[in-house]
Amino acid sequence: MTNQVGLPLWLLAELTYRCPLQCPYCSNPLEFASIQTELTTEEWFKVFKDARQMGAVQLGFSGGEPLVRQDLPELIEYAHQLGFYTNLITSGLGFNEEKIAKFKQAGLDHIQVSFQASDPVINDMLAGSRNAFEKKKDIARLVKKYEYPMVLNFVIHRHNIDQIEDIIKLCIELEADTVELAICQFYGWAYLNRQGLLPTKAQLERAERITNEYREKLKAANNPCKLIFVVPDYYEERPKACMNGWGNIFLTITPDGTALPCHAARQLPMQFPNVKDMALPDIWYKSTGFNHFRGYDWMPEPCRTCPEKTKDFGGCRCQAFMLTGDASQPDPVCSKSDHHHMIVQAREESEKMLALEDLTFRNKKNSKRIFVSQS
Ligand code: FES
């Protein structure tokens with residue numbers, strides 16, 4: 001088996017589930033408040049060292065909000081010394097010039113700042129904090145000042161998609177190098193709030209048209225800003241190659257040390273090992289959880305004989321589980337799936353508007369309530 005398995009090139013370190021934001025589209029597990037333990041600095045060092053020895057090259061620091069970890073500069077420095085290309089994925093809340101200078105000195109390579117909306121009121125509401133919008137703009141300017149490539153990430157959903165033009169204008173004003181206009185993917189809290197977040201088809205088409213118009217304008221003005229528009233699975237007829245195949249490239253370590261092939265796999269009815277109990281090479285190459293959906297043998301029909309299986313690897317296992325209750329089913333996004341009608345139905349339901357206030361926000365109180373009702 002070992003020689004057929006790819007290297008864990010991309011390591012995602014979810015340092016903590018603590019976060020000052022309460023985004024209703026967060027991909028963290030619903031029960032995050034019940035997971036209190038976090039790996040220590042030394043335990044993270046060991047994860048980085050082992051992953052690097054196994055061939056990992058990219059390391060993303062995420063969360064929750066990674067900035068709440070006081071040892072972040074040490075973690076960055078250690079990862080940098082090991083030779084990782086390091087990326088900080090942050091909301092920017094809690095960031096300041098002193099921290100960014102420290103991170104630069106520690107060798108951080110890349111920063112991605114997420115915004116919630118171009119409208120300060122909506123942004124602050126989603127962020128659960130006043131002035132979050134202005135603070136984020138300041139951070140974006142600091143990212144530029146410290147000569148980082150500036151990647152701004154906007155999660156787009158039905159409550160901000162109609163402001164796409166303002167969002168793009170804001171990014172241009174902030175001199176972003178790359179803008180990710182990522183339509184919400186439905187995992188964790190986003191799945192819980194799907195009906196209130198999924199844009200309608202008309203909204204999506206308008207947003208894509210405006211993005212294309214701005215691409216042309218930027219090109220004509222010789223502005224290198226790159227706009228990336230990510231269409232949600234729910235408007236596709238074929239599934240995405242989720243994680244580039246299960247256990248192929250991506251290795252996620254959650255705050256408590258659980259190792260996952262993707263950020264959403266914790267919800268699956270399967271055992272995943274913890275770095276405190278098992279060596280990383282054994283986790284990657286030998287554990288049941290990582291081997292379960294590798295390759296093509298696990299596939300049912302129509303995936304098994306589908307000519308596209310080498311391209312999409314059967315789609316997303318977590319999505320199959322969330323929608324059908326069985327992670328080994330074909331991804332319902334695929335129009336060949338017997339469950340594709342569930343995707344079509346979700347599109348239809350998106351026509352019924354839900355107010356922003358009706359969404360379930362990702363916070364400790366809601367997480368505890370959900371955890372109690374599930375257990
Ligand atoms: Fe888990 Fe797609 S998010 S396999």
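This report walks through the sheet, two helix pairs and a few backbone details of a predicted model.

## The sheet as a whole

Let's start with the strands. Nine of them form an open sheet with mixed pairing, and the order across it is E7-E6-E5-E4-E3-E2-E1-E8-E9. Strand E7 (226–230) and strand E9 (259–260) are the edge strands; each has a single partner strand, so one side of each has no neighbour in the sheet. As a general reminder, strands in a sheet pair through backbone hydrogen bonds, in either a parallel or an antiparallel sense.

At the E9 edge, the pairing is antiparallel: strand E8 (residues 250–253) is joined to E9 by two bridges. If you would like a spot to look at there, Thr252 stands opposite Leu260 in E9.

## Inside the sheet

Moving inward, strand E5 (residues 150–156) is mostly covered, with six of its seven residues buried. On one side, E5 is joined to strand E4 (residues 110–115) by five bridges, and the two run parallel; Gln112 has Val151 in E5 as its bridge partner. E5 also pairs with strand E6 (residues 178–183), again in the parallel sense, over six bridges. In that pairing, Ile156 is matched with Ile183 of E6.

Strand E2 (residues 58–62) has four of its five residues buried, so the rest of the structure largely encloses it. Strand E1 (residues 10–14) runs parallel to E2, and five bridges join the two. Here Leu12 stands opposite Gly60 in E2.

## Helices H1 and H2

Now for the helix packing. Helix H1 (residues 41–53) and helix H2 (residues 72–82) have axes 10 Å apart and pack at an angle of about 20°. An angle under 35 degrees counts as roughly parallel, and H1 and H2 are therefore roughly parallel to each other. Their crossing is right-handed.

On the H1 side, the residues that meet H2 are Thr41, Trp44, Phe45, Phe48, Lys49 and Arg52, and on the H2 side they are Glu74, Leu75, Tyr78, Ala79 and Leu82. By character, the residues of this H1 and H2 contact split into seven nonpolar, three charged and one polar.

## Helices H6 and H9

Helix H6 (residues 164–173) and helix H9 (residues 201–220) cross at roughly 30°, and their axes come within 9 Å. That angle makes H6 roughly parallel to H9. The crossing of H6 and H9 is right-handed.

H6 contributes Ile164, Glu165 and Ile168 to the contact, while H9 contributes Ala207, Ile210, Thr211 and Tyr214. Sorted by type, the residues of the contact of H6 with H9 are five nonpolar, one polar and one charged.

## A loop residue with distant partners

Thr360 sits in the loop between helix H14 (340–349) and helix H15 (364–374). It has 16 C-beta neighbours inside 10 Å, so Thr360 counts as partly exposed.

What makes Thr360 worth a look is its company. Thr360 and Tyr25 are 335 residues apart in sequence, yet their C-alpha atoms are 9.2 Å apart in space. Leaving aside residues up to four places away in sequence, Thr360 touches Pro24, Trp189, Leu192, Asn193 and Asn366.

## Backbone details to check

Most residues other than glycine have a negative phi, and most peptide bonds are trans. Here are some departures from that pattern. Gly63 and Gly64 are joined by a cis peptide bond, with omega about 15°; Gly64 lies in the loop between E2 and H2. Another cis peptide bond joins Glu301 and Pro302, with omega about 5°. Pro302 is found in the loop between helix H11 (288–291) and helix H12 (309–312).

As for phi, Glu175 is not a glycine but has a positive value of about 60°. Glu175 is placed in the loop between H6 and E6, and it counts as partly exposed because it has 15 C-beta neighbours inside 10 Å. Asn244 also has a positive phi, near 60°. Asn244 lies in the loop between E7 and E8 and, with 13 other C-beta atoms within 10 Å, is partly exposed.

Technical notes: Residues are numbered from 1 along each chain as its sequence is written. This is a predicted model: local features need pLDDT of at least 70, side-chain atom pairs count only at pLDDT 80 or more; totals for chains, interfaces and linings use all residues. Axes are lines fitted to C-alpha atoms, for helices over the stretch in contact, and angles run from 0 to 180 degrees between N-to-C directions. Angles under 35 degrees count as roughly parallel, over 145 as roughly antiparallel, 65 to 115 as roughly perpendicular and the rest as oblique. A crossing is left-handed if the near helix is turned anticlockwise from the far one by less than a right angle, and right-handed if clockwise. Two residues are in contact if their C-beta atoms, placed from the backbone, lie within 7 Å. Ala, Val, Leu, Ile, Met, Phe, Trp, Tyr, Cys and Pro count as nonpolar, Asp, Glu, Lys and Arg as charged, and the others, Gly among them, as polar. Two strands pair if DSSP finds at least two bridges between them. A residue is buried if 20 or more other C-beta atoms lie within 10 Å of its own, exposed if 12 or fewer, and partly exposed in between; C-beta atoms are placed from the backbone.
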